Amino acid sequence: MKDICTISVVTFHPVWGDKASNLRRIEEYIECAYRKGSQIVIFPEMSLTGYDDEADKPFKEKMQYKLAETVPGPSTLEVAELTKKLGMYVIFGMPIRDDKNPDIIYNGLAIFSPKGLEGAYHKMHLPSPEPNWATRGDKPFILHSEWGPIGCAICYDNYAFPELTRYYVAKGCRLLINSTALAKCHGPYFGSPTLEASVIQNGIYIASANIGGLDVDNYFWGGSSIIGPGQKHPWSFYYYAGRKFTDEDAPEIEMFTATVDLSLASRYAFKHNSAVDGTDWRPDKYIEMYKDILKDPDFGK
């Protein structure tokens, strides 16, 4: 397993509802990242189509419903040929149509390797207004690479639900993907502070790509970044590339690239600790706690 890899994250401004234009620009970014020596390229949530919802429109008249594709489908098969040609790993966000029920749409990620299309992740946690058009996914997605497993998640998955992050880290992931559409309406504390805390708590790297600028009615922070363990203190973080969400120039459309050393991802809480004859992380106990929650008649009320 290799340790050193070059990653690019793109602060992307999709043209809302113009899938052809967005796909062309995604492919051109991939080609440019390849020329810069990047091996992994991350794009934002819903970068193929744009993010914003038209709340007044019926479900089947929504842009996300009309432009959704199955995976595999026309757009993903096209990108798969490019990743095979260039030998790259690529992840971008798009509305995904269920391959069995065309009326089920997911907020998803298309995931590629040098072998082509690897599959899709369906966002597991949906904030408003996404339930207006999207159905929740049920399964994590681990991309297997020459640097080991890579955990794939979208936005709210990472900011509010550490369970998914810790599943990925426990499975050996040293790098997590945060493909996001974080808008200014969510406030200044939901983004960078939670990612920074996750790096510290788990001892891992996070590659985060966000939409930048105005979509339809939401203004997005931008602020794509590559964050990982710092060397100033055992529990610290460092920005290897990119910006914090709240930086003055964060909404500007840019691609950030960094070469990182994944051997610095300690994953300290998930490794054997002889002092306790186990890991500091205790899934056997958490299972019982969660079972108790599910039996509680007041849960979810």
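Modeller: Helices (H or I, at least four residues) and strands (E, at least two) are DSSP runs, numbered from the N terminus. The model shown above is predicted.

Biologist: Start with the sheet. In what order do the strands of the open sheet lie?

Modeller: Strands of a sheet pair through backbone hydrogen bonds, either parallel or antiparallel. Here 6 strands form an open sheet in the order E5-E4-E3-E2-E1-E14, and the pairing is mixed. Strand E5 (116-122) and strand E14 (255-261) are the edge strands, each paired on one side only. From one strand to the next, the twist averages 25°.

Biologist: How many bridges join strand E1 to E14?

Modeller: Strand E1 (residues 4-10) and E14 are joined by 7 bridges and run antiparallel. To locate the pairing in the viewer, take Thr6, which stands opposite Thr259 in E14.

Biologist: Which strands does helix H3 touch?

Modeller: Helix H3 (residues 74-86) packs on the sheet and touches strand E3 (89-97), strand E4 (105-113) and E5. The direction of H3 makes about 20° with that of E4.

Biologist: Next, the chain start. Where is the place of Lys2?

Modeller: Lys2 sits in the segment before E1. With a relative accessible area of 47%, Lys2 is partly exposed. Not counting residues up to four places away in sequence, Lys2 touches Glu146, Trp147 and Arg174. The C-alpha atoms of Lys2 and Asp261 are separated by 9.2 Å, although these residues are 259 apart along the chain.

Biologist: Now empty space. Which residues line the largest pocket?

Modeller: Rolling a probe the size of a water molecule over the atoms shows where empty space is left. In this model the largest pocket holds about 310 Å³ of space. Its lining consists of Pro162, Glu163, Arg166, Tyr167, Trp281, Pro283, Tyr286, Ile287 and Tyr290. By class, the lining residues are 7 nonpolar, no polar and 2 charged.

Biologist: Which helices each supply at least two residues of that lining?

Modeller: Helix H5 (162-170) and helix H7 (283-295) do so.

Biologist: Thr165 is also found in helix H5. Is Thr165 buried or exposed, and why?

Modeller: Buried means under 20% relative accessible area. Thr165 has a relative accessible area of 4%, so Thr165 is buried.

Biologist: With which residues is Thr165 in contact, leaving aside its neighbours within four places in sequence?

Modeller: On that basis, Thr165 contacts Asn158, Leu176, Ser198 and Asn202.

Note on methods
Residues are numbered from 1 along each chain as its sequence is written. This is a predicted model: local features need pLDDT of at least 70, side-chain atom pairs count only at pLDDT 80 or more; totals for chains, interfaces and linings use all residues. Side-chain values use heavy atoms; hydrogens and water are left out. Two strands pair if DSSP finds at least two bridges between them. Axes are lines fitted to C-alpha atoms, for helices over the stretch in contact, and angles run from 0 to 180 degrees between N-to-C directions. Contact means heavy atoms within 4.5 Å. On a 1 Å grid over the protein atoms alone, a cavity is a set of points where a 1.4 Å probe fits but cannot get out, and a pocket is an open set with protein on both sides within 12 Å along at least five of seven lines; lining residues have an atom within 4 Å of a point. Grid points are joined across faces, edges and corners, and a volume is the space filled by probe spheres set on the points. Ala, Val, Leu, Ile, Met, Phe, Trp, Tyr, Cys and Pro count as nonpolar, Asp, Glu, Lys and Arg as charged, and the others, Gly among them, as polar. Buried means under 20% relative accessible area, exposed over 50%, partly exposed in between (1.4 Å probe, protein chains only).
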